[in-house]
Amino acid sequence: MAKALARNIGYLYFDSGAMYRAVALYCMQNNLINGNEIDAEALRKVIDKIDITFQADPETKNSITFLNGVNVEHEIRSLEVSRFVSQVAAIDFVRSEMVDRQRRMGEAKGIVMDGRDIGTTVFPQAEMKVFVTASAEVRAQRRYDELTARGDNANFQEILDNVLERDHIDQTREVSPLRKADDALLLDNSNMTREEQMEWLIEVFKKLTAEC
């Protein structure tokens, strides 16, 4: 949805969640996970070496995530990475580092950025804030459809359990917990088509930019 909005209004798109997924993937690739726990102290020593950049796909214009120069857009969307991304995002120095990087990306404005703390922590003064929600079952089904469409093996119950677990971790973490900003507009798209939600977003965008 955020990618489509950016294309429609001619803005750049950055996926903040992809940054935490890339850090989680780095941990998996570099033995920074002990059992089911992230080795935070080992990660602290190498956080500066984790380079995360975005490039636009020349055909789709969608954002592609690169980890230390390697295209990892496919890998970071796996369920395995999803199991660790909320743990990574809850580590204070990781959030601080990623928030600083995100703010630098947004200095020139003209961007659309999505993520679980964008409207509350990263860009509290953003001109347009939308808190998007849907039922856990709907979100799990969408992720299941996304994974199976690209040929990955997927289990709906595992995905649903992961969605519920991530919600709990993100809503209860001490640093930048997931919550709706007081001045954010609420969009529950559980029963909306992509076309309907885009019409809603464009209408809000036009109204807000007309007022600026």
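In this predicted model, Gln55 stands opposite Ile64, a residue of strand 5. That pair belongs to a longer match: strand 4, which covers residues 52-56, and strand 5 pair in the antiparallel sense over five bridges. Strand 5 also has a partner in strand 6 (residues 70-71), again in the antiparallel sense, here over two bridges. Two positions show this second pairing: Leu67 stands opposite Val70, and the bridge partner of Phe66 is Asn71 in strand 6. Strand 5 and strand 6 form a hairpin, with two residues between them. In the turn of this hairpin, Asn68 has a positive phi of about 50°.

Taken together, these strands form an open sheet with the order 4-5-6 and antiparallel pairing. Strand 4 and strand 6 are the edge strands, since each pairs on one side only.

Strand 5 deserves a second look for the directions of its side chains. In a regular strand the side chains alternate between the two faces of the sheet. In strand 5, Ser63, Thr65 and Leu67 point one way, whereas Ile64 and Phe66 point the other way. Are these residues buried or exposed? The residues of both groups are buried, and the strand, residues 63-67, is therefore described as mostly covered, with five of its five residues buried.

Earlier in the sequence lies helix 2, residues 16-29. How far apart should the ends of this helix be? At 1.5 Å a residue, its 14 residues should span 20 Å. The expected span is 1.5 Å times one less than the number of residues. The end C-alpha atoms are 20 Å apart, which agrees with the expected span.

Helix 2 is also mostly covered, with eleven of its 14 residues buried. Among the buried residues are Met19, Tyr20, Val23, Leu25 and Tyr26, and the list also includes Arg21 and Cys27. At the N-terminal end of the helix, Asp15 acts as a cap: one of its side-chain oxygens lies 3.1 Å from the backbone nitrogen of Gly17. Just after helix 2, Asn31 takes a positive phi of about 55°.

A further residue to locate is Ser190, in the loop between strand 9 (185-188) and helix 9 (194-211). The relative accessible area of Ser190 is 19%. Buried means under 20% relative accessible area, and Ser190 is therefore counted as buried. What does the side chain of Ser190 reach? It reaches the backbone nitrogen of Ser135 at 3.1 Å. The side chain of Ser190 also makes a polar contact with the side chain of Asp188, at 2.7 Å. Leaving aside neighbours within four places in sequence, Ser190 is in contact with Thr133, Ala134, Ser135, Val138 and Arg142.

The view may now widen to the whole chain. Its secondary structure comes to nine helices and nine strands. The radius of gyration is 17 Å, close to the 17 Å that the globule rule gives for 212 residues, so the chain is as compact as a globular protein of that length. Along the principal axes, the C-alpha trace spans about 50 × 35 × 35 Å.

Of the 212 residues, 42% count as buried. The chain exposes about 11,900 Å², and carbon and sulfur atoms supply 47% of that area. Finally, among contacts between residues at least 6 apart in sequence, 67% join residues at least 24 apart.

How values were computed: Residues numbered from 1 in each chain as written. Predicted model: local features only at pLDDT ≥ 70, side-chain atom pairs only at ≥ 80, totals over all residues. Heavy atoms only, no water. Helix = DSSP H or I, 4+ residues; strand = E, 2+ residues; numbered from the N terminus. Buried < 20%, exposed > 50% of the residue type's maximum accessible area, 1.4 Å probe, protein only. Polar contact = N/O pair within 3.5 Å; in protein donor to acceptor, adjacent residues only side chain to side chain. Pairing = 2+ DSSP bridges. Rg over C-alpha atoms; globule rule 2.2 N^0.38 Å. Contact = heavy atoms within 4.5 Å. Areas by Shrake-Rupley, 256 points an atom, 1.4 Å probe, with all protein chains shown as cover.
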